[in-house]
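Hello,

Here is the structure we talked about. Please open it alongside this note; what I found follows below.

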Amino acid sequence: MLEDENRLWYRDAIFYEIPVRSYYDSNRDGIGDFLGLTQKLDYIKSIGIDCIWLLPFYKSPLKDDGYDISDFYSILPEYGTIEDFDLFLEEAHRRKIRVIADLVLNHVSDQHPWFIEARKSRNNPKRDWFVWSDTMDRYKDARIIFIDTERSNWTWDQNTGQYYWHRFYSHQPDLNYDNPEVREEIKKVIRFWLSRGLDGFRCDAVPYLFEREGTNCENLPETHAFFKEIRRMVDDEFPGTVLLAEANQWPTEAKKYFGNEDEFHMAFNFPLMPRIFIALAKEDSYPIQNIIKQTVPVPPTCDWGVFLRNHDELTLEMVTDEERDIMFSEYAKLPKMRLNLGIRRRLSPLVDADRYILELLHGLIMALPGSPIFYYGDEINMGDNIFLGDRNGVRTPMQWSFDRNAGFSAADPEMLYAPVITNANYHYEFLNVEAQSRLPSSFLNWFRKAVSVRKKNSLVLGRGDIEFLETGNRKVLAFLRSYDSEKMLCIFNLSRDPTNAQLDLRKYAGWTPEESFSRVPFPKIGELPYFFTMPRHSFFWMNLSPPGDGN
Ligand code: NOJ
Ligand code: CA
C-alpha cells in the first residue's frame, strides 16, 4: 500500500479503469499482460492518473471477461505471473500511483472447484456454499439483470436435481453468504491481495450478496452488515484500504453504502451518469441539478466515483421508462447498439465524436462532486465495434501508435484477442496515443491540461460544497464549488446553439473571476447580473478571488 499523509486521498484523486488484456501485450501472444501494463505506467502517470482500477485478472474461463472467477488466488496465465503482478504494483507505487482491483464476491464461475464439488451430490461439503432450491418459485421478486440472455435467476442442475441461484449469467452461481465458511473464505481472499500491497478494491455487484423471501434481494440489511464487517477488518488489519462499491441503484439506496462512515469509502454515482446524457439530449440542466441534489451531501470521509463510461453497457436500469426512451432514441439508433437495458457504445461514438461535446462532458465530470473515473482509451476518444458480441465492442486493444495492431501487440493481427478499431472515423492510424501526443491541439493534450487544472484545484473540486446558481436559462447549468475560502464558478452550455446566461453573483461583489485553464482575468463582479455569452456546448471553470487579493 502506498503510504500517504493525506488520508482522504481518494476524494482528490483521478481514477483510471484498465483491463489488463486490452492495454499492452509484452510477449506477442495477442493478449495484454502485466509486464505490458508496467511498461505503460509512465504514460499513465503522464495523463495525471492517481489510482488505477484493474478489472478482474484472476484465473477464469473468461465467459464474462474475468467476472467469472475459477481461482481467486491466482492470476490468469495469459496476463502473467504473480511476480509480474508484484512488479507492476511496485512500479506503480514508485510512481505514486495507487492500484485498486476488482473484487468479485457475489458469484464464481461454474468452473470454480467449489462449484464443481457442490454439484457432485446434495451432501457434498461444498453444497451449502451455493444457493439451491427444488423449485423456481423462491425469490420471485428478484429482477433479472442480463435480460438478453437469462430467463430466470435459477438454473437446473441435472446431476443433483435442484436449481441453483445466480443473479448474472447462468455460468456464474451465486455464493451463499448465509454460510459462515463462505464469509470467512472471502475475507481470506481480501487479506491475500491486500497483503501483496493493493490499495483497495472496487467491489463488484455489492447489492446482491444475500437473498430473503418477500424482498427483491437487493440492498438487504444482512448485505450492509457484511460490508461493515469487511470495513472493520480492513481498517484494523490494512488501514488506509479504500473500498469502492458497484451498486447500481436509485440514489437513496446507493447512498446507504456509505453507511455511517463505516461501510464503503466510495460508491459509483450510477444515478448521475445517464442523467448527464439526458441533460445533453434535452439541452436541459434540470436532470443534472435534480440528481445532484438527491446524491449530496455524503458523509465527510466518503465520496462518489463519477464517470461517463466504463467497460459495461451504459446502464439504464435505474431511470424512468421515459428517460430510457430518450436515451435509446438519441444514443442507440441501431438495435445492435443496445444490450440488456443499456447501450454498448464508447463515449466518443455516443456523441458522434463531437469535440465540443467531449470537452463539455469532461469539464462536467471533473467539476461535479466526486472523484472522476475514466475508462482507458476515452482520453484519446477511441471508437468501438458494436459487431463484437456482449460488451466486447468497448474492450478493444488500446491504440498506442499507427504501427501494426495499433502498437498494442507485435503478434500477427489474427492472434489478437479482439480486432483493433479500423472504422474510418476512429481508425487507429490517426487515433492513437503517439499521434495525439505530438499534436498540441489533440484531445489527449486537452485532456492532460484539463486533468492538471483539476488537480491544481483538487481540494475545491474534490471536496468542496456545491451550490446551484440561477441562470435564467435552463440550457445553462451553473454552480459554485466552495472549500473554505476557495471558490470555483462552473458554467456549462448544454445546448447545440450559442446562448447566454445572467448570474446573480451579488454575494460576491468585488470578487474577480479568473478563467482556470488560461488564468485570464474576467471583469470584476458587481451589483448587476454577471453576463456570460457561450458558444454551443461550451463551459467555463472560473476561480474566484476575493477583493484585495492582488486585484
Ligand atoms: C458488474 C461488472 O461490471 C460486469 O462487467 C459483470 O458482468 C457483472 N458485474 C457480473 O460480475
Ligand atoms: Ca501477452
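**The β18–β19 hairpin and the cores**

Start with the hairpin that β18 and β19 form: two residues lie between the strands, and Asp484 has a positive phi near 50°. Keep in mind that this is a predicted model.

The two strands of the hairpin run antiparallel, and eight bridges join them. Strand β19 covers residues 486-493. Within this pairing, Phe492 of β19 is opposite Leu477.

β18 also pairs with β17, residues 465-468. That pair is antiparallel too, with four bridges. Here Ile466 faces Arg481 of β18.

Why is β18 largely enclosed by the rest of the structure? Seven of its eight residues, 476-483, are buried, so the strand is largely enclosed. Buried here means under 20% relative accessible area.

Now the cores. In general, nonpolar side chains tend to be buried together in soluble globular proteins. The largest nonpolar core here has 163 residues. Tyr16, Ile44, Phe57 and Phe492 touch the most other members. Helix α10 (residues 272-282) supplies the largest share of this core, eight residues.

A separate core holds 18 residues. Val476, Ile491, Trp511 and Ile525 are among them.

Last, a look at Phe57. Leaving out residues up to four places away in sequence, Phe57 touches Val20, Phe34, Ser74, Ile75, Leu76, Tyr79, Phe85, Ala101 and Trp193.

Best wishes

Definitions and conventions
Residues are numbered from 1 along each chain as its sequence is written. Chains are lettered from A and ligands numbered from 1 in the order in which they are written. This is a predicted model: local features need pLDDT of at least 70, side-chain atom pairs count only at pLDDT 80 or more; totals for chains, interfaces and linings use all residues. Side-chain values use heavy atoms; hydrogens and water are left out. Buried means under 20% relative accessible area, exposed over 50%, partly exposed in between (1.4 Å probe, protein chains only). Two strands pair if DSSP finds at least two bridges between them. A nonpolar core is a set of buried Ala, Val, Leu, Ile, Met, Phe, Trp, Tyr and Cys residues joined through side-chain atoms within 4.5 Å. Contact means heavy atoms within 4.5 Å.
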